[in-house]
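Work through the exercises below with the sequence and the structure at hand. Each task is followed by a solution in steps.

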Amino acid sequence: MSLKSFHILFICISTLFSILFGYWCYNEWSQFGETLYISYALIAVLFTMGLLVYGKWFLREIDEINEV
């Protein structure tokens, strides 16, 4: 497995983990009402958005490198 493939796979797995963690935190907040859980859920959403932006940037950058 190339470094490029591993990096793309790692970004996808990290994004999925972040989505699941955010969902779990939201679910815990709705059951127990502690503000810590909703804070973690919001951080997970921000982290997910950051990973999606980074993944898009990385794919575009790799395509530019392969064209040269």
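A residue is called buried when its relative accessible area is under 20%, exposed when that area is over 50%, and partly exposed in between. The model used here is a predicted one.

**Exercise 1. Cysteines**

Task: Decide whether Cys12 is buried, partly exposed or exposed, do the same for Cys25, and state how many disulfides are counted.

Solution:
- Step 1. Cys12 has a relative accessible area of 42%, so Cys12 is partly exposed.
- Step 2. For Cys25 the value is 0%; this is under 20%, therefore Cys25 is buried.
- Step 3. A disulfide is a covalent bond between the sulfur atoms of two cysteines. To be counted, a pair of cysteine sulfur atoms must lie within 2.5 Å. By this rule the number of disulfides is zero.

**Exercise 2. Two aromatic residues of helix α1**

Task: Place Trp24 in a helix, classify its exposure, and repeat both steps for Phe21.

Solution:
- Step 1. Trp24 belongs to helix α1, and Phe21 is found in helix α1 as well.
- Step 2. The relative accessible area of Trp24 is 42%, so Trp24 is partly exposed.
- Step 3. Phe21 has a relative accessibility of 33% and therefore counts as partly exposed.
- Step 4. Between Phe21 and Tyr54, 33 residues apart along the chain, the C-alpha atoms are separated by 19 Å.

**Exercise 3. Distances from Leu46**

Task: Find how far Leu46 lies from Trp24 and from Glu67, C-alpha to C-alpha.

Solution:
- Step 1. Leu46 is in helix α2, and helix α2 covers residues 35–67, with Glu67 among them.
- Step 2. Leu46 has a relative accessible area of 58%; this is over 50%, so Leu46 is exposed.
- Step 3. Trp24 and Leu46 are 22 residues apart along the chain, and their C-alpha atoms are separated by 15 Å.
- Step 4. Leu46 and Glu67 are 21 residues apart in sequence and 32 Å apart in space.

**Exercise 4. Surface patches**

Task: Name the residues of the nonpolar patch and of the patch of negative charge.

Solution:
- Step 1. Met1, Leu3, Phe6, Leu9, Phe10 and Ile13 make a nonpolar surface patch of about 710 Å². Ile13 lies in helix α1, which spans residues 3–32.
- Step 2. The patch of negative charge on the surface consists of Glu61, Asp63, Glu64 and Glu67.
- Step 3. Glu67 has 68% relative accessibility, so Glu67 counts as exposed.

Technical notes
Residues numbered from 1 in each chain as written. Predicted model: local features only at pLDDT ≥ 70, side-chain atom pairs only at ≥ 80, totals over all residues. Heavy atoms only, no water. Patch = residues over 30% accessible without salt bridge, like charges linked within 9 Å, V, L, I, M, F, W, Y side chains within 5 Å. Areas by Shrake-Rupley, 256 points an atom, 1.4 Å probe, with all protein chains shown as cover. Salt bridge = Lys/Arg side-chain N within 4 Å of Asp/Glu carboxyl O. Helix = DSSP H or I, 4+ residues; strand = E, 2+ residues; numbered from the N terminus. Buried < 20%, exposed > 50% of the residue type's maximum accessible area, 1.4 Å probe, protein only. Lys, Arg positive; Asp, Glu negative; His and termini not counted. Charge placed at Lys NZ, Arg CZ, Asp CG, Glu CD.
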